[in-house]
Amino acid sequence: MHGLKWVYGFIFILFIGSPLFGQDSSWLDSLKHKTSLDGYVKYMHTVILPGTDTTDMITDNFIHNRLNLEWNISKHWTFNTSMRNRLFWGELVRLSNDAFTSLGDDPGFLDLSILWTSGDSYALHTIFDRMYFTYEKGKWNVTVGRHRI
């Protein structure tokens, strides 16, 4: 586990809960007009038949959630961040547990990944896989940070 787990938890709560708290605050009202939050949740169940004998099937379950936040800071500056929350459980996790427990290892410049918990047949993982600033003015468009290419 990371020593900064509480920081990730705070960012997670802020990311999820900021629209819910302080409904009377004027700064929040102005922030609402400058931000957008969207995302999705999906569930996938997988059955793997490794051979011709159907009794040897391997099952796996996966809940995936993505949240995207965009903040229009000013006329020229925008901040974007996206996070994935993933819950894996089933026989595939049990059979390849080392692969799932290494999910919390982020080799990027900033470690923006956390493996909240894992066991013999489950793993819960969060990663901020996109976090960048964009400057746009005229023909110039400069993006700095972690983003999908």
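**Strand pairing, core and surface of the predicted model**

H64 is buried, with 7% relative accessible area, in a model that is predicted rather than determined by experiment. The residue belongs to strand β2, which covers residues 58-72. Apart from neighbours within four places in sequence, the contacts of H64 are Y40, V41, K42, R84, N85 and R86. One of these, R86, is also the bridge partner of H64 in β3. H64 counts as buried because its relative accessible area of 7% falls under the 20% cut-off for that class.

Strand β2 is paired with two strands. Strand β1 (residues 35-48) runs antiparallel to β2, and 14 bridges join them. Within this pairing, M44 is placed opposite F62 of β2. Strand β3 (residues 77-90) is likewise antiparallel to β2, with 13 bridges between them. The link between β2 and β3 is a hairpin, in which four residues separate the two strands.

The protein as a whole contains four helices and six strands. Their order along the sequence is α-α-β-β-β-α-α-β-β-β. Of its 149 residues, 29% are classed as buried. When contacts between residues at least 6 apart in sequence are considered, 51% of them connect residues at least 24 apart. The accessible surface amounts to about 10,000 Å², and carbon and sulfur atoms account for 62% of that area.

In soluble globular proteins, nonpolar side chains tend to be buried together. In the present model, the largest nonpolar core has six residues: F62, F88, V93, F100, L115 and A123. F62 of this core is the residue that stands opposite M44. A123 is in contact with three other members of the core, F88, F100 and L115. Its contacts beyond four places in sequence also include R86, L87, T117 and S118. R86 is thus named both among the contacts of A123 and among those of H64.

A nonpolar patch is found on the surface, made up of V41, Y43, I63, W89 and Y122. Together these residues have about 480 Å² of accessible area. V41 of the patch is also one of the residues in contact with the buried H64. Y122 is part of strand β5, which comprises residues 122-137. With a relative accessibility of 36%, Y122 is partly exposed, because this value lies between the 20% and 50% limits that separate buried from exposed residues.

Strand β5 pairs with strand β6 (residues 140-146) in the antiparallel sense, through seven bridges. K137 of this pairing has W140 in β6 as its bridge partner. The two strands form a hairpin with two residues between them. G138 lies in the loop that connects β5 to β6 and takes a positive phi of about 60° in the turn. At 80% relative accessible area, G138 is exposed, since the threshold for exposed residues is over 50%. G138 and H76 are separated by 62 residues in sequence, whereas the distance between their C-alpha atoms is 9.5 Å.

Definitions and conventions. Residues are numbered from 1 along each chain as its sequence is written. This is a predicted model: local features need pLDDT of at least 70, side-chain atom pairs count only at pLDDT 80 or more; totals for chains, interfaces and linings use all residues. Side-chain values use heavy atoms; hydrogens and water are left out. A nonpolar core is a set of buried Ala, Val, Leu, Ile, Met, Phe, Trp, Tyr and Cys residues joined through side-chain atoms within 4.5 Å. Buried means under 20% relative accessible area, exposed over 50%, partly exposed in between (1.4 Å probe, protein chains only). Contact means heavy atoms within 4.5 Å. Patches are made of residues with over 30% relative accessible area and no salt bridge: like charges are joined within 9 Å, nonpolar side chains (Val, Leu, Ile, Met, Phe, Trp, Tyr) within 5 Å. Accessible areas come from the Shrake-Rupley method with a 1.4 Å probe; for residues, only the protein chains shown count as cover. A salt bridge is a side-chain nitrogen of Lys or Arg within 4 Å of a carboxyl oxygen of Asp or Glu. Two strands pair if DSSP finds at least two bridges between them.
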